[in-house]
Amino acid sequence: MLNFRRQFPLVVAVALAIVRIASAGPMQEDVKGRRARVMDKLGPDTVAVFWSAPPRIYSNDVNYEYRQDSNLLYLTGIDQEDTILVLMPGNRTKREILFVREADARREHWNGHSLTPSEASVASGVETVFTANQFEPFMAGVLSAQGAPGLPQADEAKAFFDALGQGRANLALLLEPQRNLTETPGPARQFAARMRDRFFGFQVKDATPVLAGLRQIKTPYEQAVLRQSVLISTEAHKAGMRAAAPGKWEYQVESAIEAVYLNNGAMSWGYPSIVGSGPNATILHYEKSSRQMENGDLLLVDAAANFEGLTGDITRTYPINGHFTQAQRDIYEIVFAAQEAGIKAAKIGAAPDDIQKACDEVLRAGLVKLGLVTEPTGRQFKIWATHGVTHWIGMDVHDVGVRGKPLEAGMAFTIEPGIYIRDQAFNDLPKTPENAAFIEKVRAAVEKYKNIGVRIEDSFLLLPSGVENLSAALPRTVADVERFLSESKGSR
Ligand SMILES: [Mn+2]
């Protein structure tokens, strides 16, 4: 089947690949450094294997646009199916071995050029590249200490073979979380089980925490790409603000935003855009974008691009007619003050939970003041402030990281307090006399503020000099938001 829409991104992908091949640039240098750090952590007794993501079906025989596995992309920069990276930190010279799919003229006619081994070598900086059909014999040779095809030197893998002989070798994989014994194991666990059936002298080790720890600290190259990625997203949000007006549809704002991504060379969105107007602003992951907006609506937009594999995360909430009502402003000012408190708490050595606590204090006090909450302490306010206020960002919009690690330079994260007034929230409360009294006390305030949802979210990078708001170019105060909307009115 020829589908025009699918042809376009493939052309772009090929063009990018050619640029990368023509000059091994800062990305190749950076992924080399990432592999070196992973190997340092894994040690010389280890062989580690990382796979590309499988293609995913969109409809019948049509796939979604390909999305590479974040860890493989992190380690190789290669955005291609059927790619496998093997790391053997103890090897004398060939410590990195990459496998890419074989050339296939017919497939490439339909779906585009595949990297040849030499192109993959330039693209990734991995010197030793074989075709994917050599992976099985390679692993069999390595895990049986026979010597692998492609590692001809007798002493090349001596460190690993010695470890294998002494029963202290490791096979490091990204093991899928396994919640219970009856759940079908994922591909990495199945591979581990097959290798254990056939070979001896090693234990299986989960490399997930090693990758999470390294990905949590952005390199200077990643910081530059993330900065650019977030800048594209701020431009996209501005285009959305210009497109929003009474009578327009949510999807028209979404299309204005996403056009800016593609127009600036972003691969796609980093996550499906959330464009929720009026009561839809209170739905945390509203993805339909199908409502016609009305005068007086607030519009909540949570959207960001995936540029060169890195994704920010930004939310703005604004009145589509250009002016906050007093009630909308009451809620907005609390969320804004909470975010400010969260930003102040984001310091080197602080815990991520300190950001949460700082936001919570302001949210709770503000909600008490508006009469939406009766208890000045405790968790009652969570009925309106329902989600966490910070997470890591990076290759995944909810990026990986080591839990409980104090904040340090190079970490990137969001600060995103929100308040959502839904009268249905009362239905979640157990029917107790205390809750009945609470509902009675706040009923009038809920009636006044119901269907208002406000989230303000920015993407931050922690530097030795302090926290940098990567999305600072986007209006955030009530005054700046209203000024931007009124200035853009002429072009709407
Ligand atoms: Mn977020």
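Two helices count as roughly perpendicular when the angle between their axes falls in the range 65 to 115 degrees, and that cut-off serves for the opening stop of this tour through a predicted model.

Begin by selecting helix α2, residues 26-42, together with helix α5, residues 117-124, whose axes lie 7 Å apart and pack at an angle of about 80°. The two helices, α2 and α5, are therefore roughly perpendicular to each other. To see where they touch, display the side chains of Met-27, Gln-28, Val-31 and Arg-35 in α2, which meet Val-122, Ala-123 and Ser-124 in α5. Coloured by residue class, this contact of α2 with α5 shows 4 nonpolar, 2 polar and 1 charged residues.

Next, select helix α6, residues 135-143, and helix α7, residues 158-165, whose axes come within 9 Å and cross at roughly 60°. That crossing makes α6 oblique to α7. On the α6 side the contact is made by Gly-141, Val-142 and Leu-143, and on the α7 side by Phe-160, Phe-161 and Leu-164. The contact of α6 with α7 divides into 5 nonpolar residues, 1 polar residue and no charged residue.

From the helices, turn to the interior. Select Phe-50, Trp-384 and Phe-413, which, of the 106 residues in the largest nonpolar core, touch the most other members. This core draws at least three residues from each of domain 1 (4-214) and domain 2 (218-491). Now centre the view on Phe-413 and, leaving aside its neighbours within four places in sequence, show the residues in contact with Phe-413, including Ala-346, Ile-355, Trp-392, Leu-407, Phe-460 and Val-467. The contacts of Phe-413 also include Thr-390, His-391, Asp-458 and Ser-459. Apart from the largest core lies another one, of 31 residues, and selecting Ala-140, Phe-161, Ala-163 and Ala-192 will bring up some of its members.

For the last stop, select Ile-452, which sits in the loop between α14 (433-449) and β17 (453-455). Is Ile-452 buried or exposed? Its relative accessibility is 9%, so Ile-452 counts as buried, the cut-off for that class being under 20%. Add Ala-327 to the selection: although Ile-452 and Ala-327 are 125 residues apart along the chain, their C-alpha atoms are separated by 8.5 Å. Beyond its neighbours within four places in sequence, Ile-452 is in contact with Ala-327 and also with Thr-282, Leu-298, Gln-328, Ile-331, Ile-419, Tyr-420 and Ile-421.

Technical notes:
Residues are numbered from 1 along each chain as its sequence is written. This is a predicted model: local features need pLDDT of at least 70, side-chain atom pairs count only at pLDDT 80 or more; totals for chains, interfaces and linings use all residues. Side-chain values use heavy atoms; hydrogens and water are left out. Axes are lines fitted to C-alpha atoms, for helices over the stretch in contact, and angles run from 0 to 180 degrees between N-to-C directions. Helices (H or I, at least four residues) and strands (E, at least two) are DSSP runs, numbered from the N terminus. Angles under 35 degrees count as roughly parallel, over 145 as roughly antiparallel, 65 to 115 as roughly perpendicular and the rest as oblique. Contact means heavy atoms within 4.5 Å. Ala, Val, Leu, Ile, Met, Phe, Trp, Tyr, Cys and Pro count as nonpolar, Asp, Glu, Lys and Arg as charged, and the others, Gly among them, as polar. A nonpolar core is a set of buried Ala, Val, Leu, Ile, Met, Phe, Trp, Tyr and Cys residues joined through side-chain atoms within 4.5 Å. Buried means under 20% relative accessible area, exposed over 50%, partly exposed in between (1.4 Å probe, protein chains only). Domain bounds come from an automatic or database domain assignment.
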